[in-house]
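Good morning, everyone. Please have a look at the chain on the screen, and I will walk you through its side-chain contacts.

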Amino acid sequence: MAGPNRGQSLKNALLRYRVLAYATGVFLLLLTLHIVMQGFQMRNTDLSWFSNEGLSAVIPGSGHLIPMIHGWLYLIYVIVAVDLWMRTRLPLGSTILVVLAGTVPVMSFVAERWVTGRVQPMVGAVVERKPRPDAVQKQS
């Protein structure tokens, strides 16, 4: 992708990835908290692990919303990570680990720092070419 706006499109792709990495990470932490709470609630009830309320005992409805929101965010996270990989050609093995980081609590934050550290210099290295004044005159 060699165009006059390559630096800006790379910067935008990195921003999309970073936002999704943080959002996915936060909802994965909430999902983990929900499951841990279900485990603790199992001690006091005769219900099975996943039949307990979990986080819904504190925030009504969150037991259904948090897993659903995390699932959709993770799907978008994967698409955005693949888009960023196609623009930067980071190593494929590392990119697969970055995609899988959205399924391990806290790892999406680590992956976000790794990707930002790799892509930020690429954004800075892209030199935007401004059209020369004589080239502009020839076109008009």
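Let me begin with a term. Two rings of Phe, Tyr or Trp count as a pair if their centres lie within 6.5 Å, and for Trp the six-membered ring is used. Keep in mind that this is a predicted model.

How many aromatic pairs does that rule give? The count comes to 3. Take Y22 and F109. Their ring centres are 5.7 Å apart, and their planes meet at 40°. Why is this pair called tilted? Planes under 30 degrees apart would be stacked, and planes over 60 would be edge-to-face. At 40°, the pair of Y22 and F109 is therefore tilted. Now look at where the two rings sit. Y22 is in helix α1, residues 6-44. F109 is in helix α4, residues 107-125. They are 87 residues apart, so this pair links distant parts of the chain.

Are these two rings buried or partly exposed? Y22 is partly exposed, with 37% relative accessibility. F109 is partly exposed as well, at 22%. The limit for buried is under 20%.

There is also an aromatic cluster. Y17, Y74 and Y77 form it together. And one charge sits over a ring: R89 lies over the face of W85, 4.8 Å from the ring centre.

Next, charges. Side chains of opposite charge can pair when their charged atoms come close. How many salt bridges does the whole structure hold? The search finds 4.

Here is one of them. R16 pairs with D83, and their closest N and O atoms are 3.3 Å apart. R16 belongs to helix α1 and D83 to helix α2, with their positions 67 residues apart in the numbering, so distant parts of the chain are linked. R16 is partly exposed at 36% relative accessible area. D83 is partly exposed too, at 23%.

D83 has another partner. Its side chain meets R87 in a salt bridge, 3.1 Å from N to O. Both D83 and R87 lie in helix α2, and they are 4 residues apart, about one turn of the helix. R87 counts as partly exposed, at 23% relative accessibility. Put these contacts together, and R16, D83 and R87 are linked in a network of salt bridges.

Now go to R18 and E112. Their side chains form a salt bridge at 2.5 Å, N to O. This pair also links distant parts of the chain: R18 is in helix α1, E112 is in helix α4, and they are 94 residues apart. Which relative accessibility does E112 have? It is 0%, so E112 counts as buried. R18 is partly exposed, at 26%.

Last stop, the surface. Which residues make the nonpolar patch? L65, M68, I69, W72, L75, I76 and I79 do, and the patch covers about 690 Å². One of them, L65, is found in helix α2, residues 62-88. L65 is partly exposed, with a relative accessible area of 45%. A patch residue needs over 30% relative accessible area, so L65 passes that limit.

To recap: helix α1 holds Y22, whose ring partner F109 is in helix α4. Helix α1 also holds R18, and its partner E112 is in helix α4. R16 in helix α1 reaches D83 in helix α2. Thank you.

Definitions and conventions: Residues numbered from 1 in each chain as written. Predicted model: local features only at pLDDT ≥ 70, side-chain atom pairs only at ≥ 80, totals over all residues. Heavy atoms only, no water. Patch = residues over 30% accessible without salt bridge, like charges linked within 9 Å, V, L, I, M, F, W, Y side chains within 5 Å. Areas by Shrake-Rupley, 256 points an atom, 1.4 Å probe, with all protein chains shown as cover. Helix = DSSP H or I, 4+ residues; strand = E, 2+ residues; numbered from the N terminus. Buried < 20%, exposed > 50% of the residue type's maximum accessible area, 1.4 Å probe, protein only. Lys NZ or Arg CZ within 6 Å of the ring centre and 35° of its normal.
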